[in-house]
Amino acid sequence: MKVLATLVLLALALAGLGGRELAAPAIPVRAAWPQWGGPDRNFIVPSADLATTWPADGPRKIWRRPLGDGFSSIVSDGATLYTLYRDGADDVAIAIDAKTGDTAWSTKYAAPFRETCSEQLGPAPRAAPLIAGDRLITISAGGLMTSFERATGKRQWSRDLLEGSPEAVRACGYSSSPLAWRNTIITTAGGRGRGVIAVDTATGKIAWQAQDFQNGYSSPIVIDLDGRPELIVFTYGEIAGLNPDSGALEWTRPHPSDQGVNVATPIWGSDHLLFVSSAYGGGSRMLRLGRSGDTVKVDEIWNSQRVRIHFGNGVRIGDRLYASNGDMGSAPFAAIDVATGDMVWRDRSVTRATLIGSGMHLILLDEDGTLAIATPGDAGLQVQAKAALLTERSWTAPSLVGTTLFVRDRHQIMALDLGR
């Protein structure tokens, strides 16, 4: 059970899958990697001029510095990086100069959380911050949402997402990364009538709360469904679509897993296919969504127990899904056919990795801190360059801004030049 809990927690830390062609609303600021999963919340970026050969010690290191304990991923407006770490019983939000690694500001604040999932992981923050205009929005492992002035780090407001209901947060901590929608921030909260919640970006006051969902560990997305926005949430036991302006339920389908460990962010494609996946008996399913007026039709195209994304993220490129596949053990990297759910191939040289898609390249960071750049094909994965870079558990998904890659393990952060 402790091993299960251990991998669950990092699941929440990473909790995100992306899908190529995701039609999510743009963040209304100049932002290179403004949120969990990047510009479109899907870990896909435009093709960049990336080097496919590296020296033996890896790509050029721009800077490296220590950082406190945490799994929160890195967001950036291009000039500055933002992330979270733990300092004793407090969280620290930090802004770092992207070119030098110097601290621009850091703000320490009380963020109570008693970790009961695994002694290995500790009470570190899991969720990615969110750049929302001139604000930085964070969520602690205990479910405390906080807004900071992005230029200075001044705290503006905080809201306890649990609202006095500690059972709403999972044993391994809160990990759902917040989503900007119009003048609100949307995330899951858990509990009767408040399974999903939207707060006013400027004040932190509740804009709406709805549904009775229990919390999973996944992060929400907004898709364009036949010309209208649809909020997709993957919770304790279901995948559901809501109106992002009100929280009104438009459809739901069950997706049970042991202990409700649904972690990976759903993947949406412009072909109206929505992919969801989890470990611990959840498996995967592909749904086709279609809207007619106020009615959303949902058809299941396939489901499979052979495809199981435990934690971290995957990407969709064309008619293939790419992700580490499995529960415990090695979780080899795999290609999955979108239309059928069939395994096209598995590659055991890359295991339990998070990834970014850039053009036809995949940038992969495995849990041991080994970075690789590869090209997937019909016959398998062609790994072009590979190097061991980080020394501790590297469960935080990487972030790519232009050709600069930002990575972290539990106690350090690094900037790498992947350009030619």
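Reader: I would like to start with the open sheet of five strands: what is its order, and how is it paired?

Author: A good place to begin. Strands here are DSSP runs of E, at least two residues long, and helices are runs of H or I, at least four long, numbered from the N terminus. Two strands pair if DSSP finds at least two bridges between them. In this structure the open sheet of five strands runs β1-β27-β28-β29-β30, with mixed pairing. Its edge strands are β1 (44-45) and β30, each of which pairs on one side only. β1 and strand β27 (residues 353-358) run parallel and are joined by two bridges, and Ile44 stands opposite Gly357 in β27.

Reader: What kind of model is this, and how are residues numbered?

Author: This is a predicted model, in which local features need pLDDT of at least 70 and side-chain atom pairs count only at pLDDT 80 or more, while totals for chains, interfaces and linings use all residues. Residues are numbered from 1 along each chain as its sequence is written, and side-chain values use heavy atoms, with hydrogens and water left out.

Reader: In which order do the four strands of the other open sheet come?

Author: That order is β2-β33-β32-β31, and the pairing is antiparallel. At the edges are β2 (60-66) and β31 (399-401), each pairing on one side only. From one strand to the next, the twist averages 20 degrees; for such angles, axes are lines fitted to C-alpha atoms (for helices over the stretch in contact), and angles run from 0 to 180 degrees between N-to-C directions. β2 is joined to strand β33 (residues 412-417) by six bridges, and the two run antiparallel. Look for Arg65, whose bridge partner in β33 is Ile413.

Reader: Is strand β13 mostly covered or exposed, and how many of its residues are buried?

Author: The general idea is a cut-off on relative accessible area: buried means under 20%, exposed over 50%, and partly exposed in between, with a 1.4 Å probe and protein chains only. Strand β13 (residues 196-200) is mostly covered, with four of its five residues buried. Strand β12 (residues 184-188) is joined to β13 by five bridges and runs antiparallel to it; there Ile186 has Ala198 as its bridge partner. β13 also pairs with strand β14 (residues 206-210), in the antiparallel sense over four bridges, and Ala198 stands opposite Trp208 in β14. The hairpin of β13 and β14 has five residues between the strands, and Gly204 takes a positive phi near 80 degrees.

Reader: What should I look for around strand β21?

Author: As general background, side chains in a regular strand alternate between the two faces of the sheet. Strand β21 (residues 283-292) is mostly covered: seven of its ten residues are buried. Strand β20 (residues 273-278) pairs with β21 in the antiparallel sense over six bridges, with Ser278 opposite Gly283. Four residues lie between the strands of this hairpin, where Tyr280 takes a positive phi near 55 degrees. On to β22: β21 pairs with it in the antiparallel sense over nine bridges, and Leu287 stands opposite Glu300. That hairpin has two residues between its strands, and Gly293 in the turn has a positive phi of about 65 degrees.

Reader: How buried or exposed is Ser278?

Author: Ser278 is buried, with a relative accessible area of 0%. Its C-alpha atom is separated by 5.5 Å from that of His310, 32 residues apart along the chain.

Reader: How many aromatic pairs does a search of the whole structure find?

Author: Rings of Phe, Tyr and Trp (its six-membered ring) pair if their centres lie within 6.5 Å; planes under 30 degrees apart count as stacked, over 60 as edge-to-face and the rest as tilted. The search finds eleven such pairs. Phe311 and Trp395 have ring centres 6.2 Å apart and planes at 70 degrees, so this pair is edge-to-face. The pair links distant parts of the chain, 84 residues apart: Phe311 is in the loop between β22 (295-304) and β23 (315-317), and Trp395 in the loop between β30 (381-388) and β31. Both residues are buried. Elsewhere, ring pairs link Tyr82, Trp105, Tyr109 and Phe148 into a cluster.

Reader: Which residues line the largest cavity?

Author: Rolling a probe the size of a water molecule over the atoms shows where empty space is left. On a 1 Å grid over the protein atoms alone, a cavity is a set of points where a 1.4 Å probe fits but cannot get out, and lining residues have an atom within 4 Å of a point. Grid points are joined across faces, edges and corners, and a volume is the space filled by probe spheres set on the points. There are three cavities of 30 Å³ or more, and the largest holds about 50 Å³ of space. Its lining is His310, Phe311, Ser324, Gly326, Ala331, Arg352 and Ala353.

Key
On a 1 Å grid over the protein atoms alone, a cavity is a set of points where a 1.4 Å probe fits but cannot get out, and a pocket is an open set with protein on both sides within 12 Å along at least five of seven lines; lining residues have an atom within 4 Å of a point.
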